[in-house]
Amino acid sequence: MPKKPTIQELIDHFDLEPMEAENLRFRRTYAHQSIGPDSRPIATAIIAMLTDEPESMSDMHRLTADEMWHFYFGDPVELLLLYPDGTDELVILGHDVLAGQKPQQLVPGGVWMGARIRSGGHYAVFGNTVSPGFVQEDFEGTSAEALIEQWPQQASLIRALTRY
């Protein structure tokens, strides 16, 4: 049985860099060469990693485009989704599908999202595919308090997933 790689070994292997807008490591792995009518890639993809470091998270944000999350390996990830109609959903990404974990999750454009490794976990490696392709202008962050006004039932998790 192969040994479980360390966080640093994975950072080195995948050549992961810090993400400016979120507190995680990532690398863009794909950008479709064809450019759509608004001069953006038709699709983009990244590989990323969350760790058990206290500040490691995908901060609450939303995109204008749809984003598919893909769980690859490691420990389960909590993905909080806040929908425009005021509802919310906590999705657990992981391999234990018989216990309700999901290997993939679509986050429609306009939905607020944030993620962290599940309590007790060490790291998780996942990917995101965005279509139409991600451009920085699509990224919108916000404060915890602005989100809590509409989703007070998730106040604790929103605060945990928002640095600002």
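1. How many bridges join strand 5 to strand 10, and in which direction do the two strands run relative to each other? In this predicted model, strand 5 and strand 10 are joined by 8 bridges and run antiparallel. Within that pairing, Glu67 has Val130 of strand 10 as its bridge partner.

2. Strand 10 is also joined to strand 3, again by 8 bridges and with the two strands running antiparallel. Two pairs can be picked out here: Thr44 stands opposite Val130 in strand 10, and Ala45 has Thr129, likewise in strand 10, as its bridge partner. Val130 therefore deserves a look from both sides, since the bridge partner of Glu67 is Val130 and Thr44 stands opposite Val130 as well, while strand 10 is largely enclosed by the rest of the structure because 7 of its 9 residues are buried.

3. These pairings belong to an open sheet of 6 strands, with antiparallel pairing and the order 1-2-3-10-5-8. The edges are formed by strand 1, residues 17–18, and strand 8, residues 104–107, each of which pairs on one side only.

4. Strand 4 has its own pairings, which are worth following separately. With strand 9, residues 112–117, strand 4 shares 2 bridges in an antiparallel arrangement, and Ser58 has Ala115 of strand 9 as its bridge partner. With strand 11, residues 140–141, strand 4 shares 2 bridges, and these two strands also run antiparallel; in this pairing His61 is matched with Gly141 of strand 11. Because 4 of the 5 residues of strand 4 are buried, the strand is largely enclosed by the rest of the structure.

5. Is Ser58, at 1% relative accessibility, buried or exposed? Ser58, which has its place in strand 4, counts as buried because a relative accessibility of 1% falls under the 20% limit. Leaving aside residues up to four places away in sequence, Ser58 touches Glu22, Leu24, Leu50, Trp69, Gly114, Ala115 and Leu161. One of these, Ala115, is also the bridge partner of Ser58 in strand 9, and the side chain of another, Glu22, is joined to that of Ser58 by a polar contact of 2.2 Å. A reader checking the model may wish to view this contact with the 2.2 Å value in mind.

6. The largest pocket holds about 410 Å³ of space. Its lining is made up of 22 residues, and Met19, Glu22, Phe26, Ile46 and Phe134 are those that lie nearest the centre. The elements giving two or more residues to this lining are strand 2 (25–31), strand 3 (44–51), strand 4 (58–62), strand 5 (66–74) and strand 10 (123–131), and the largest share, 4 residues, comes from strand 3. Sorted by class, the lining has 13 nonpolar, 5 polar and 4 charged residues.

7. The second largest pocket holds about 180 Å³ of space. Its lining includes Ile7, Ile11, Pro18, Met19, Glu22 and Asn23, together with Leu24, Arg25, Met49, Thr51, Glu53 and Ser56; helix 1 (7–14) and strand 3 are the elements that give two or more residues to it. By class, this lining has 6 nonpolar, 3 polar and 3 charged residues. Met19 and Glu22 appear in this lining, and both are also among the residues nearest the centre of the largest pocket. Glu22 is moreover the residue whose side chain makes the polar contact with that of Ser58.

8. Two points of backbone geometry remain. Most residues other than glycine have a negative phi, and most peptide bonds are trans. Asp15, although not a glycine, has a positive phi of about 55 degrees. Asp15 is found in the loop between helix 1 and strand 1, and counts as partly exposed because its relative accessibility is 46%, a value between the limits of 20% and 50%. The peptide bond that joins Ser131 and Pro132 is cis, with an omega of about -5 degrees, and Pro132 lies in the loop between strand 10 and strand 11.

Note on methods. Residues are numbered from 1 along each chain as its sequence is written. This is a predicted model: local features need pLDDT of at least 70, side-chain atom pairs count only at pLDDT 80 or more; totals for chains, interfaces and linings use all residues. Side-chain values use heavy atoms; hydrogens and water are left out. On a 1 Å grid over the protein atoms alone, a cavity is a set of points where a 1.4 Å probe fits but cannot get out, and a pocket is an open set with protein on both sides within 12 Å along at least five of seven lines; lining residues have an atom within 4 Å of a point. Grid points are joined across faces, edges and corners, and a volume is the space filled by probe spheres set on the points. Ala, Val, Leu, Ile, Met, Phe, Trp, Tyr, Cys and Pro count as nonpolar, Asp, Glu, Lys and Arg as charged, and the others, Gly among them, as polar. Buried means under 20% relative accessible area, exposed over 50%, partly exposed in between (1.4 Å probe, protein chains only). A polar contact is a pair of N or O atoms within 3.5 Å; within protein, one must be able to donate a hydrogen and the other to accept it, and residues adjacent in sequence count only if both atoms are side-chain atoms. Contact means heavy atoms within 4.5 Å. Two strands pair if DSSP finds at least two bridges between them.
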